[in-house]
Amino acid sequence: MTTLINPQKIRDAVERHKPTLATTPGTGYIAEKLEKHHWRTQPFATPPPGSDLKPIPGDPGLPFIGHTFELMRLGADYQLRRYQQFGPISWATVFGRRGVAVAGPEGTQAVLANKENTYSQGGWRYLIDTFFHRGLMLLDGDEHRYHRRIMQAAFTRERLNGYTNIADAVINEQIATTPHDHELELYPMLKQLTLTVAAHVFMAADTNTADTNVEYLNDAFIAAVRGGTAIVRYPVPGGRWSRGIHGRRVLEKYFRDAIPEKRRTTSPDFFSALCHAASDDGETFHDDDIVNHMIFLMMAAHDTATITTTVAAYNLARHPEWQNAVRDEIAAHNGPITPAFLDSLTTLDNVINESLRLVGPVPAFVRETTTDTELLGHYVPGGSFLLVDPWVNHLLPEYWTNPQTFDPDRFSSHRNEHKQHPFLFVPFGGGAHRCIGMRFGILEVKTILCRLLATYQLELPESYQVRWDTSSLPFPADGLPMRLTALRRG
Ligand code: HEM
């Protein structure tokens with residue numbers, strides 16, 4: 001097996017040569033200034049006469065871009081401050097639209113459980129349909145249920161065992177050959193690793209011949225993901241939006257060209273599973289469905305797993321006592337990693353949950369109201385753009401002890417802080433669109449961390465302070481410098 005992707009190239013593509021709001025000097029100052037500005041509070045819409053509903057409070061922010069700048073630059077801090085100012089429901093202009101922000105477990109439950117079918121995926125379609133057209137998360141109602149039923153066939157226990165085997169073989173070899181005993185940037189290294197895993201688990205890549213293909217696809221994925229958070233939402237040549245459209249075209253062609261061969265043969269990868277997936281009633285996917293689902297799934301699986309592993313590795317390096325506890329937990333194990341073994345690692349579970357709580361990979365669940373409705377006693381007109389903010393839920397002092405502190409023990413069975421409300425801790429969402437890949441995602445993250453901790457001591461540079469870039473999905477703005485020191489065996 002060979003290393004597929006050049007980490008330098010990924011680092012260049014992701015962090016260095018494409019400046020973001022977090023890496024452009026002065027943006028923090030501007031965001032803080034805007035944040036402190038006193039905007040005049042206005043109602044989102046006037047409730048119908050005679051109703052006892054309240055208007056949603058908020059303000060538009062700057063003309064056109066509204067509060068997008070503060071949201072992307074300050075992330076959870078911005079969301080928490082709005083929550084403190086207005087409560088669990090408020091509004092602001094973001095991403096070119098007036099949007100309603102919902103936070104807190106009750107609001108999260110009302111929207112995600114979606115009892116009356118009042119909340120559609122139209123919000124996600126507005127943001128990312130151009131790049132992730134007809135991905136599972138962008139479908140609604142009966143159509144969504146139909147596609148999810150078929151896709152479930154790619155997530156059976158046998159399939160997951162197969163994916164974990166493939167993933168572990170890749171991870172074990174790649175980690176053993178990672179440059180070590182000097183400082184490296186962990187985030188691009190992990191991005192390379194999860195892309196290599198994805199190339200094998202999702203596409204059964206032939207690593208001896210596919211190098212250029214996979215690098216090319218990686219660029220296309222990065223462009224498509226970033227396209228969704230473009231502030232200028234039309235195709236200016238060279239802009240985020242048009243680079244995203246180009247990325248989508250590259251991916252479509254790649255998957256469409258490969259379908260006939262995948263349909264003819266069978267293999268243990270995800271692409272093959274989708275080509276042959278059938279529900280209990282014999283329903284199957286058309287070629288177009290497979291292309292759309294593969295593009296969405298690769299994105300949904302790859303960035304989320306990379307971010308989760310990066311945040312957990314950072315926390316383990318920052319807290320050596322937890323690093324040692326997890327290493328002790330895995331120490332007894334020798335041999336191939338299986339889902340049953342990974343499931344037994346409860347200390348590691350708590351570390352991963354705490355990492356997902358502090359920096360969850362998905363900063364908002366985006367919806368649109370299908371009709372006029374009531375939410376938390378407020379009036380929300382039909383066609384409203386809604387953003388549920390999980391980061392706020394994960395940091396509310398009324399639920400979490402010292403919410404900003406890394407404390408994995410809060411997830412242990414004697415404390416169970418996350419179980420105070422079914423929609424308090426929601427890194428994988430909830431309701432009908434709850435992450436279908438959660439189990440595989442956790443297995444992959446745990447496999448990487450197990451192999452990493454069994455081989456190396458993780459150490460941060462002295463007095464290092466991490467800064468998360470939240471201009472798209474969160475990642476460490478400087479790549480996360482870390483020293484991997486080989487452990488002495490025996
Ligand atoms: C490990 C980290 C992961 C995290 C934190 C995560 C998070 C999420 C969240 C929050 C949602 C729901 C968004 C919403 O309701 O608006 C979601 C949906 C989804 N995720 Fe994940 N995910 C992860 C890994 C994966 C993996 C590995 C796969 C695929 C193998 C995957 C595939 C999907 C799909 C297809 C959906 C849409 C489900 C639907 O609409 O029915 N995810 N994910």
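What is the mean pLDDT of the protein, and what percentage of its residues reach 70 or more? The mean is 88, and 92% of the residues reach 70 or more; pLDDT is the predictor's confidence in each residue, from 0 to 100. This is a predicted model, in which local features need pLDDT of at least 70 and side-chain atom pairs count only at pLDDT 80 or more, while totals for chains, interfaces and linings use all residues. Residues are numbered from 1 along each chain as its sequence is written. The scores of the model are ipTM 0.99 and pTM 0.91.

**Stop 1: the start of the chain**

Select residues 1–7, where the pLDDT is below 50. This stretch has 24 contacts in the model beyond near neighbours in sequence; two residues are in contact if their C-beta atoms, placed from the backbone, lie within 7 Å. Next select residues 10–17, where pLDDT also stays under 50. For residues 10–17 the model has 18 contacts beyond four places in sequence. Where pLDDT is low, the predicted coordinates should not be read in detail.

**Stop 2: strands β3 and β4**

Select residues 89–94, which form strand β3. Helices (H or I, at least four residues) and strands (E, at least two) are DSSP runs, numbered from the N terminus. Is β3 enclosed or open? Of its 6 residues, 6 are buried, so the strand is largely enclosed by the rest of the structure. Here a residue is buried if 20 or more other C-beta atoms lie within 10 Å of its own, exposed if 12 or fewer, and partly exposed in between, with C-beta atoms placed from the backbone. Colour I89, W91 and T93 to see one face of β3, and S90, A92 and V94 to see the other; both faces are covered.

Now add residues 97–102, strand β4, which pairs with β3 in the antiparallel sense over 6 bridges. Two strands pair if DSSP finds at least two bridges between them. One bridge to look for joins A92 to G99 in β4. The hairpin of these strands has 2 residues between them, and F95 takes a positive phi near 50° there.

**Stop 3: the ligand and its shell**

Select the ligand and the 22 residues around it. A residue is near a molecule if its C-beta atom, placed from the backbone, lies within 6 Å of it. Which residues come nearest? They are T304, G429, C435, G437 and G441. The elements that give two or more residues to this shell are α13 (287–318) and α18. Helix α13 gives the largest share, 6 residues. By class, 15 residues of the shell are nonpolar, 6 are polar and 1 is charged. Ala, Val, Leu, Ile, Met, Phe, Trp, Tyr, Cys and Pro count as nonpolar, Asp, Glu, Lys and Arg as charged, and the others, Gly among them, as polar.

Centre on C435, where UniProt places the feature "binding site" in an unreviewed entry. UniProt positions are given in the numbering used here, feature names are shortened, and annotations may be inferred rather than shown by experiment. C435 lies in the loop between α17 (390–393) and α18 (438–455). It counts as partly exposed because it has 19 C-beta neighbours inside 10 Å. Not counting residues up to four places away in sequence, C435 touches F428 and G429.

**Stop 4: along helix α13**

Select A301, which lies in helix α13. With 21 C-beta neighbours inside 10 Å, A301 counts as buried. Leaving aside neighbours within four places in sequence, A301 is in contact with A198, G437 and G441. Measure from A301 to F440: they are 139 residues apart in sequence, and 8.7 Å apart in space, C-alpha to C-alpha.

Then move to I295 in helix α13. Is I295 buried or exposed? I295 is buried, with 24 C-beta neighbours inside 10 Å. Apart from neighbours within four places in sequence, I295 is in contact with F132, G135, L251 and F255.

**Stop 5: two residues with positive phi**

Select N416, in the loop between α17 and α18. N416 has a positive phi of about 45° although it is not a glycine. With 10 other C-beta atoms within 10 Å, N416 is exposed.

Finish at L480, in the loop between β13 (475–476) and β14 (481–486). L480 is not a glycine, yet has a positive phi of about 65°. L480 is buried, with 24 other C-beta atoms within 10 Å.
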